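Biologist: Hi! Could you walk me through this one? I'd like to hear about the domains and the DNA.

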Amino acid sequence: MTAGVVASLTDFRRALVAWYRRHARPLPWRATRDPYQIWISEIMLQQTTVTAVVPYFQRFLARFPTLQDLAAAQEQSVLRLWEGLGYYSRARNIHKAARLLVNEHRGEFPREPGELMALPGIGRYTAGAIASFAFDWPAPIVEANTLRLYARLMGLRDDPRSARGQKQLWEFAEQIVPARHAGEFNQALMELGARVCVPSAPDCSKCPVRRWCVAATNGWQAEIPLPKPRAAPTEITEVAVAVHRDGKYLLRKRPEGVRWAGLWDFVRFGWRDAETRSPALHDVAVEVRRETGLTVEITAPLAEIRHSVTRFRITLQCHLGEWLAGEHDHAQGESRWVASTQFARLPLSVTGRKLARMIAARESKSTSASKRPG
DNA sequence: AACACGTGGCG
DNA sequence: TCGCCAAGTGT
(Lines give C-alpha, C1' and ligand atoms only; values in the text may rest on other atoms or scores of the structure.)
Protein backbone atom coordinates (compact mmCIF):
# COMPACT_ATOMS: atom_id res chain seq x y z
CA MET A 1 0.00 0.00 0.00
CA THR A 2 2.87 2.32 0.75
CA ALA A 3 4.80 1.29 -2.33
CA GLY A 4 3.78 4.41 -4.21
CA VAL A 5 5.55 6.62 -1.75
CA VAL A 6 8.29 4.31 -0.61
CA ALA A 7 9.55 3.66 -4.14
CA SER A 8 10.74 7.26 -4.41
CA LEU A 9 10.92 8.19 -0.78
CA THR A 10 13.79 10.60 -1.11
CA ASP A 11 11.94 12.67 -3.70
CA PHE A 12 8.79 12.63 -1.60
CA ARG A 13 10.63 13.93 1.46
CA ARG A 14 12.45 16.58 -0.53
CA ALA A 15 9.25 17.87 -2.12
CA LEU A 16 7.46 17.95 1.20
CA VAL A 17 10.18 19.74 3.15
CA ALA A 18 10.81 22.23 0.34
CA TRP A 19 7.13 23.15 0.45
CA TYR A 20 7.20 23.41 4.23
CA ARG A 21 10.14 25.80 4.24
CA ARG A 22 8.16 28.19 2.06
CA HIS A 23 4.79 27.84 3.75
CA ALA A 24 5.33 27.10 7.44
CA ARG A 25 3.37 29.31 9.82
CA PRO A 26 5.58 30.92 12.45
CA LEU A 27 3.92 29.24 15.44
CA PRO A 28 5.38 30.05 18.86
CA TRP A 29 6.38 26.46 19.63
CA ARG A 30 8.23 26.22 16.34
CA ALA A 31 10.65 28.89 17.48
CA THR A 32 12.21 26.63 20.09
CA ARG A 33 13.72 23.22 20.60
CA ASP A 34 13.20 23.30 24.33
CA PRO A 35 11.50 19.99 25.11
CA TYR A 36 9.59 21.62 27.97
CA GLN A 37 7.98 24.21 25.72
CA ILE A 38 7.33 21.65 23.01
CA TRP A 39 5.74 19.35 25.56
CA ILE A 40 3.40 22.07 26.85
CA SER A 41 2.37 22.98 23.32
CA GLU A 42 1.73 19.36 22.35
CA ILE A 43 -0.44 18.72 25.37
CA MET A 44 -2.43 21.90 24.74
CA LEU A 45 -2.83 21.01 21.07
CA GLN A 46 -4.41 17.63 21.80
CA GLN A 47 -7.86 17.83 20.19
CA THR A 48 -7.58 21.60 20.31
CA THR A 49 -7.17 24.15 17.53
CA VAL A 50 -3.97 26.14 17.02
CA THR A 51 -5.96 29.37 17.30
CA ALA A 52 -7.31 28.43 20.69
CA VAL A 53 -3.94 27.28 21.99
CA VAL A 54 -1.71 30.25 21.10
CA PRO A 55 -2.84 32.65 23.86
CA TYR A 56 -2.92 29.87 26.48
CA PHE A 57 0.55 28.78 25.48
CA GLN A 58 1.93 32.33 25.84
CA ARG A 59 0.34 32.84 29.24
CA PHE A 60 1.44 29.44 30.47
CA LEU A 61 5.07 29.96 29.50
CA ALA A 62 5.09 33.44 30.98
CA ARG A 63 3.84 32.07 34.29
CA PHE A 64 5.83 28.80 34.27
CA PRO A 65 8.94 29.39 32.13
CA THR A 66 10.67 26.17 33.16
CA LEU A 67 9.89 22.64 34.20
CA GLN A 68 11.03 23.54 37.71
CA ASP A 69 8.56 26.42 37.93
CA LEU A 70 5.74 24.13 36.91
CA ALA A 71 6.75 21.41 39.34
CA ALA A 72 6.83 23.93 42.17
CA ALA A 73 3.34 25.24 41.39
CA GLN A 74 0.05 24.33 43.03
CA GLU A 75 -2.27 22.23 40.89
CA GLN A 76 -4.91 24.94 41.30
CA SER A 77 -2.62 27.52 39.68
CA VAL A 78 -2.12 25.23 36.72
CA LEU A 79 -5.86 24.69 36.38
CA ARG A 80 -6.45 28.43 36.50
CA LEU A 81 -4.21 28.87 33.47
CA TRP A 82 -6.06 26.02 31.77
CA GLU A 83 -9.48 27.46 32.50
CA GLY A 84 -11.58 27.49 29.33
CA LEU A 85 -9.27 25.27 27.31
CA GLY A 86 -11.07 22.02 28.11
CA TYR A 87 -9.91 18.46 28.81
CA TYR A 88 -8.68 19.44 32.24
CA SER A 89 -7.05 16.10 32.97
CA ARG A 90 -4.36 17.38 30.63
CA ALA A 91 -3.53 20.12 33.12
CA ARG A 92 -3.52 17.74 36.06
CA ASN A 93 -1.34 15.27 34.16
CA ILE A 94 1.10 17.95 33.05
CA HIS A 95 1.52 18.97 36.65
CA LYS A 96 2.01 15.38 37.83
CA ALA A 97 4.52 14.70 35.06
CA ALA A 98 6.49 17.85 35.88
CA ARG A 99 6.85 16.78 39.51
CA LEU A 100 7.80 13.30 38.43
CA LEU A 101 10.51 14.56 36.08
CA VAL A 102 11.94 16.92 38.66
CA ASN A 103 11.84 14.44 41.51
CA GLU A 104 12.91 11.29 39.71
CA HIS A 105 14.67 12.34 36.51
CA ARG A 106 16.78 15.25 37.74
CA GLY A 107 14.48 17.56 35.80
CA GLU A 108 15.65 16.23 32.46
CA PHE A 109 13.43 15.18 29.60
CA PRO A 110 13.77 11.67 28.19
CA ARG A 111 14.74 11.69 24.53
CA GLU A 112 13.13 8.42 23.53
CA PRO A 113 9.45 7.99 22.72
CA GLY A 114 9.26 4.86 24.85
CA GLU A 115 10.38 6.73 27.95
CA LEU A 116 8.23 9.75 27.17
CA MET A 117 5.19 7.50 26.91
CA ALA A 118 5.66 6.50 30.53
CA LEU A 119 4.62 10.00 31.57
CA PRO A 120 0.97 10.73 32.31
CA GLY A 121 -0.81 12.43 29.39
CA ILE A 122 1.79 11.35 26.83
CA GLY A 123 0.66 8.69 24.39
CA ARG A 124 2.20 7.42 21.21
CA TYR A 125 1.61 10.55 19.16
CA THR A 126 2.79 13.07 21.76
CA ALA A 127 5.86 10.98 22.57
CA GLY A 128 6.83 10.88 18.90
CA ALA A 129 6.15 14.58 18.50
CA ILE A 130 8.33 15.63 21.43
CA ALA A 131 11.11 13.19 20.55
CA SER A 132 11.25 14.30 16.94
CA PHE A 133 10.71 18.06 17.39
CA ALA A 134 13.08 18.49 20.32
CA PHE A 135 15.70 15.81 19.59
CA ASP A 136 15.21 14.81 15.94
CA TRP A 137 14.54 11.29 17.11
CA PRO A 138 13.16 9.46 14.03
CA ALA A 139 9.75 8.79 15.56
CA PRO A 140 6.61 8.29 13.50
CA ILE A 141 3.55 10.40 14.26
CA VAL A 142 -0.15 9.92 13.56
CA GLU A 143 -2.66 12.57 14.59
CA ALA A 144 -5.59 14.34 12.96
CA ASN A 145 -3.62 16.04 10.16
CA THR A 146 -1.28 13.21 9.32
CA LEU A 147 -4.05 10.64 9.62
CA ARG A 148 -5.94 12.40 6.85
CA LEU A 149 -2.84 12.93 4.77
CA TYR A 150 -1.58 9.35 5.06
CA ALA A 151 -5.03 7.90 4.47
CA ARG A 152 -5.30 9.81 1.20
CA LEU A 153 -1.75 9.12 0.13
CA MET A 154 -2.30 5.41 0.78
CA GLY A 155 -5.83 5.29 -0.54
CA LEU A 156 -6.85 3.76 2.77
CA ARG A 157 -10.28 2.14 2.51
CA ASP A 158 -10.47 0.93 6.10
CA ASP A 159 -11.82 3.05 8.90
CA PRO A 160 -8.67 4.92 10.03
CA ARG A 161 -9.84 4.70 13.65
CA SER A 162 -10.20 0.93 13.62
CA ALA A 163 -7.37 -1.26 14.84
CA ARG A 164 -6.66 -2.33 11.26
CA GLY A 165 -6.59 1.22 10.01
CA GLN A 166 -4.42 2.44 12.85
CA LYS A 167 -1.91 -0.31 12.26
CA GLN A 168 -1.58 0.61 8.61
CA LEU A 169 -1.25 4.32 9.38
CA TRP A 170 1.50 3.81 11.95
CA GLU A 171 3.35 1.45 9.63
CA PHE A 172 3.14 4.05 6.90
CA ALA A 173 4.44 6.73 9.25
CA GLU A 174 7.36 4.50 10.26
CA GLN A 175 8.30 3.91 6.67
CA ILE A 176 8.38 7.53 5.63
CA VAL A 177 10.08 9.15 8.63
CA PRO A 178 13.73 9.95 7.82
CA ALA A 179 16.64 8.96 10.02
CA ARG A 180 17.83 12.57 10.11
CA HIS A 181 15.86 15.81 10.58
CA ALA A 182 12.73 13.95 11.62
CA GLY A 183 11.47 17.00 13.48
CA GLU A 184 11.19 19.24 10.48
CA PHE A 185 9.83 16.38 8.40
CA ASN A 186 7.07 15.63 10.89
CA GLN A 187 6.18 19.31 11.18
CA ALA A 188 5.98 19.44 7.41
CA LEU A 189 3.57 16.50 7.31
CA MET A 190 1.26 18.14 9.82
CA GLU A 191 1.45 21.51 8.15
CA LEU A 192 0.50 19.99 4.83
CA GLY A 193 -2.43 18.20 6.43
CA ALA A 194 -3.54 21.38 8.16
CA ARG A 195 -3.16 23.76 5.23
CA VAL A 196 -3.65 21.80 2.02
CA CYS A 197 -4.88 18.28 2.69
CA VAL A 198 -7.87 19.65 4.62
CA PRO A 199 -10.98 17.64 5.50
CA SER A 200 -13.37 19.03 2.94
CA ALA A 201 -12.34 20.03 -0.58
CA PRO A 202 -8.57 19.71 -0.25
CA ASP A 203 -6.68 21.91 -2.68
CA CYS A 204 -4.71 19.22 -4.47
CA SER A 205 -3.50 21.72 -7.06
CA LYS A 206 -1.28 23.21 -4.34
CA CYS A 207 -0.07 19.89 -3.01
CA PRO A 208 3.67 19.23 -3.35
CA VAL A 209 3.19 15.45 -3.04
CA ARG A 210 0.16 15.03 -5.25
CA ARG A 211 1.95 12.68 -7.61
CA TRP A 212 2.34 10.16 -4.77
CA CYS A 213 -1.30 10.38 -3.72
CA VAL A 214 -3.62 7.45 -4.43
CA ALA A 215 -6.71 9.45 -3.48
CA ALA A 216 -5.87 12.38 -5.74
CA THR A 217 -5.01 10.07 -8.60
CA ASN A 218 -8.37 8.33 -8.31
CA GLY A 219 -10.51 11.27 -7.24
CA TRP A 220 -11.23 9.78 -3.81
CA GLN A 221 -10.43 12.86 -1.75
CA ALA A 222 -14.01 13.20 -0.56
CA GLU A 223 -14.35 9.55 0.44
CA ILE A 224 -11.05 9.22 2.31
CA PRO A 225 -10.71 9.22 5.22
CA LEU A 226 -14.04 7.73 6.34
CA PRO A 227 -15.74 10.18 8.72
CA LYS A 228 -15.77 9.69 12.45
CA PRO A 229 -19.11 8.35 13.69
CA ARG A 230 -20.69 10.74 16.17
CA ALA A 231 -23.41 10.07 18.68
CA ALA A 232 -26.42 12.33 18.57
CA PRO A 233 -26.35 14.83 21.44
CA THR A 234 -28.58 14.24 24.45
CA GLU A 235 -30.51 17.14 25.94
CA ILE A 236 -30.24 17.52 29.68
CA THR A 237 -31.36 20.15 32.13
CA GLU A 238 -29.37 21.25 35.16
CA VAL A 239 -29.88 23.82 37.87
CA ALA A 240 -27.23 26.10 39.33
CA VAL A 241 -27.86 28.08 42.48
CA ALA A 242 -25.65 30.94 43.59
CA VAL A 243 -26.18 30.57 47.32
CA HIS A 244 -25.59 33.97 48.90
CA ARG A 245 -24.69 34.77 52.51
CA ASP A 246 -23.15 37.92 53.99
CA GLY A 247 -21.97 39.24 50.64
CA LYS A 248 -20.36 35.92 49.67
CA TYR A 249 -21.32 32.99 47.48
CA LEU A 250 -20.90 29.29 48.00
CA LEU A 251 -18.47 27.63 45.61
CA ARG A 252 -17.64 23.96 45.61
CA LYS A 253 -14.59 22.23 44.21
CA ARG A 254 -15.57 19.42 41.90
CA PRO A 255 -14.16 16.09 43.06
CA GLU A 256 -11.86 13.80 41.13
CA GLY A 257 -13.41 11.46 38.64
CA VAL A 258 -16.18 13.79 37.50
CA ARG A 259 -16.35 16.25 34.67
CA TRP A 260 -14.46 19.49 35.44
CA ALA A 261 -12.61 17.74 38.25
CA GLY A 262 -10.61 20.21 40.31
CA LEU A 263 -12.55 23.21 38.99
CA TRP A 264 -14.95 25.21 41.12
CA ASP A 265 -18.62 25.74 40.54
CA PHE A 266 -21.73 27.09 42.16
CA VAL A 267 -24.11 24.61 43.71
CA ARG A 268 -25.21 22.60 40.74
CA PHE A 269 -27.24 19.48 40.10
CA GLY A 270 -29.07 17.62 37.39
CA TRP A 271 -32.77 18.21 36.97
CA ARG A 272 -34.67 15.03 36.18
CA ASP A 273 -37.78 16.67 34.82
CA ALA A 274 -36.30 18.14 31.66
CA GLU A 275 -39.73 19.34 30.55
CA THR A 276 -39.81 21.84 33.38
CA ARG A 277 -38.27 24.88 31.81
CA SER A 278 -38.75 26.87 35.02
CA PRO A 279 -38.65 24.46 37.93
CA ALA A 280 -40.74 25.45 40.94
CA LEU A 281 -38.60 27.52 43.28
CA HIS A 282 -39.65 25.45 46.24
CA ASP A 283 -38.44 22.29 44.54
CA VAL A 284 -35.09 23.91 43.82
CA ALA A 285 -34.73 24.87 47.48
CA VAL A 286 -35.49 21.29 48.50
CA GLU A 287 -32.80 20.00 46.18
CA VAL A 288 -30.27 22.54 47.45
CA ARG A 289 -30.88 21.30 50.97
CA ARG A 290 -30.44 17.71 49.85
CA GLU A 291 -27.18 18.66 48.09
CA THR A 292 -25.63 20.91 50.71
CA GLY A 293 -27.59 20.70 53.94
CA LEU A 294 -28.30 24.42 53.66
CA THR A 295 -31.73 25.96 53.93
CA VAL A 296 -32.11 28.65 51.30
CA GLU A 297 -34.76 30.78 49.74
CA ILE A 298 -34.63 30.95 45.97
CA THR A 299 -34.97 34.67 45.43
CA ALA A 300 -34.34 35.42 41.77
CA PRO A 301 -33.92 33.71 38.43
CA LEU A 302 -30.56 34.81 37.00
CA ALA A 303 -30.23 33.34 33.56
CA GLU A 304 -30.51 30.34 31.35
CA ILE A 305 -27.15 29.20 30.02
CA ARG A 306 -26.90 26.79 27.10
CA HIS A 307 -23.72 24.80 26.88
CA SER A 308 -22.58 21.77 24.90
CA VAL A 309 -20.19 19.33 26.49
CA THR A 310 -19.10 16.01 24.98
CA ARG A 311 -22.34 14.38 23.90
CA PHE A 312 -24.66 16.49 26.03
CA ARG A 313 -26.47 19.73 25.38
CA ILE A 314 -27.04 21.30 28.73
CA THR A 315 -29.67 23.86 29.60
CA LEU A 316 -28.52 25.35 32.88
CA GLN A 317 -31.21 27.13 34.88
CA CYS A 318 -29.44 29.62 37.13
CA HIS A 319 -30.96 31.05 40.29
CA LEU A 320 -29.94 33.25 43.16
CA GLY A 321 -30.54 31.73 46.59
CA GLU A 322 -30.41 33.49 49.93
CA TRP A 323 -29.00 31.51 52.84
CA LEU A 324 -31.43 31.09 55.71
CA ALA A 325 -29.96 28.41 57.95
CA GLY A 326 -27.58 25.49 58.21
CA GLU A 327 -23.88 24.89 57.75
CA HIS A 328 -22.36 23.35 54.68
CA ASP A 329 -21.42 19.73 55.04
CA HIS A 330 -17.78 19.30 54.05
CA ALA A 331 -18.01 15.55 53.76
CA GLN A 332 -18.57 15.81 50.02
CA GLY A 333 -15.49 17.87 49.38
CA GLU A 334 -13.98 21.31 49.56
CA SER A 335 -16.19 24.38 49.52
CA ARG A 336 -15.73 28.09 50.17
CA TRP A 337 -17.74 31.25 50.61
CA VAL A 338 -16.29 33.71 48.14
CA ALA A 339 -16.97 37.39 47.46
CA SER A 340 -17.72 38.19 43.83
CA THR A 341 -14.56 40.27 43.62
CA GLN A 342 -12.58 37.10 44.34
CA PHE A 343 -14.19 34.82 41.77
CA ALA A 344 -11.27 35.23 39.37
CA ARG A 345 -8.87 33.71 41.88
CA LEU A 346 -10.39 30.27 41.43
CA PRO A 347 -10.46 28.05 38.35
CA LEU A 348 -14.11 27.83 37.38
CA SER A 349 -15.94 25.78 34.81
CA VAL A 350 -16.94 27.78 31.75
CA THR A 351 -20.58 27.95 32.80
CA GLY A 352 -19.49 28.78 36.34
CA ARG A 353 -17.39 31.63 34.97
CA LYS A 354 -20.32 32.96 32.96
CA LEU A 355 -22.54 32.90 36.00
CA ALA A 356 -19.81 34.53 38.06
CA ARG A 357 -19.63 37.40 35.58
CA MET A 358 -23.39 37.88 35.73
CA ILE A 359 -23.35 38.01 39.50
CA ALA A 360 -20.50 40.50 39.57
CA ALA A 361 -22.29 42.69 37.01
CA ARG A 362 -25.52 42.44 38.98
CA GLU A 363 -23.77 43.57 42.16
CA SER A 364 -21.98 46.50 40.59
CA LYS A 365 -25.28 47.64 39.10
CA SER A 366 -27.07 47.51 42.42
CA THR A 367 -24.25 49.27 44.29
CA SER A 368 -24.00 52.07 41.72
CA ALA A 369 -27.79 52.44 41.87
CA SER A 370 -27.77 52.72 45.64
CA LYS A 371 -24.96 55.29 45.49
CA ARG A 372 -27.02 57.40 43.12
CA PRO A 373 -30.32 58.04 44.77
CA GLY A 374 -33.19 59.20 42.59
C1' DA B 1 -13.28 -1.85 21.87
C1' DA B 2 -15.88 1.79 23.17
C1' DC B 3 -16.51 5.64 25.76
C1' DA B 4 -15.40 9.79 28.61
C1' DC B 5 -13.20 13.86 28.50
C1' DG B 6 -14.40 20.40 26.78
C1' DT B 7 -14.70 24.05 24.06
C1' DG B 8 -15.05 27.15 20.18
C1' DG B 9 -15.01 28.11 15.31
C1' DC B 10 -16.75 27.49 10.85
C1' DG B 11 -19.82 26.47 6.82
C1' DT C 1 -29.19 26.34 14.56
C1' DC C 2 -26.52 22.23 13.77
C1' DG C 3 -23.08 19.04 12.69
C1' DC C 4 -18.24 18.65 11.90
C1' DC C 5 -13.76 19.25 13.31
C1' DA C 6 -9.55 20.05 16.26
C1' DA C 7 -1.12 18.32 17.01
C1' DG C 8 -5.26 12.25 21.75
C1' DT C 9 -5.08 9.87 26.18
C1' DG C 10 -6.76 6.93 29.78
C1' DT C 11 -9.65 3.36 31.18
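Modeller: Happy to; we can take the domains and then the DNA. One thing to keep in mind is that this is a predicted model.

Biologist: Good to know. Which domains does the assignment give for chain A?

Modeller: The assignment lists domain 1, covering 3-218, and domain 2, covering 234-371. Their C-alpha centres are 39 Å apart.

Biologist: And how many residues of domain 1 and domain 2 are in contact?

Modeller: On the domain 1 side there are seven, and they meet 13 residues of domain 2.

Biologist: How much area do domain 1 and domain 2 bury between them?

Modeller: About 810 Å², with 53% of that area on carbon and sulfur atoms.

Biologist: Why do people quote an area for an interface?

Modeller: The accessible area lost when the parts come together is often used to give the size of an interface.

Biologist: Makes sense. What about charges: which residue forms a salt bridge with E83?

Modeller: That's R353, and the closest N and O atoms of the pair are 2.5 Å apart. Between domain 1 and domain 2 the count is one salt bridge. You'll also find six residue pairs in polar contact between the two domains.

Biologist: Which helix gives the most to the side of domain 1 that touches domain 2?

Modeller: Helix α6, residues 75-82, which provides three residues there. By class, that side of domain 1 consists of two nonpolar, two polar and three charged residues.

Biologist: Okay, switching to the DNA. Which residues come nearest to DNA strand C?

Modeller: There are 25 residues around DNA strand C, and the nearest of them are E42, Q47, G121, E143 and R148. By class, this surface has eleven nonpolar, seven polar and seven charged residues.

Biologist: Which helices each supply at least two residues of that surface?

Modeller: Those are α3 (35-45), α9 (124-135), α10 (144-154) and α12 (182-195).

Biologist: What share of the strand C atoms within 4 Å of the protein belongs to sugar or phosphate?

Modeller: Sugar or phosphate accounts for 62% of those atoms, and bases make up the rest.

Biologist: Can you give me some individual contacts? What does E143 do, for a start?

Modeller: E143 has a polar side-chain atom 2.7 Å from a sugar or linking oxygen of DNA strand C. A144 uses a backbone N or O atom, which sits 3.0 Å from a phosphate oxygen of the strand.

Biologist: And what does W29 approach on DNA strand C?

Modeller: A base nitrogen: a polar side-chain atom of W29 lies 2.9 Å from it.

Biologist: Lovely, thanks!

Conventions: Residues numbered from 1 in each chain as written. Chains lettered and ligands numbered in written order. Predicted model: local features only at pLDDT ≥ 70, side-chain atom pairs only at ≥ 80, totals over all residues. Heavy atoms only, no water. Domains from an automatic or database assignment. Contact = heavy atoms within 4.5 Å. Buried area = accessible area lost by both parts, 1.4 Å probe. Salt bridge = Lys/Arg side-chain N within 4 Å of Asp/Glu carboxyl O. Polar contact = N/O pair within 3.5 Å; in protein donor to acceptor, adjacent residues only side chain to side chain. Helix = DSSP H or I, 4+ residues; strand = E, 2+ residues; numbered from the N terminus. Nonpolar A, V, L, I, M, F, W, Y, C, P; charged D, E, K, R; others polar. Near = heavy atom within 4 Å.
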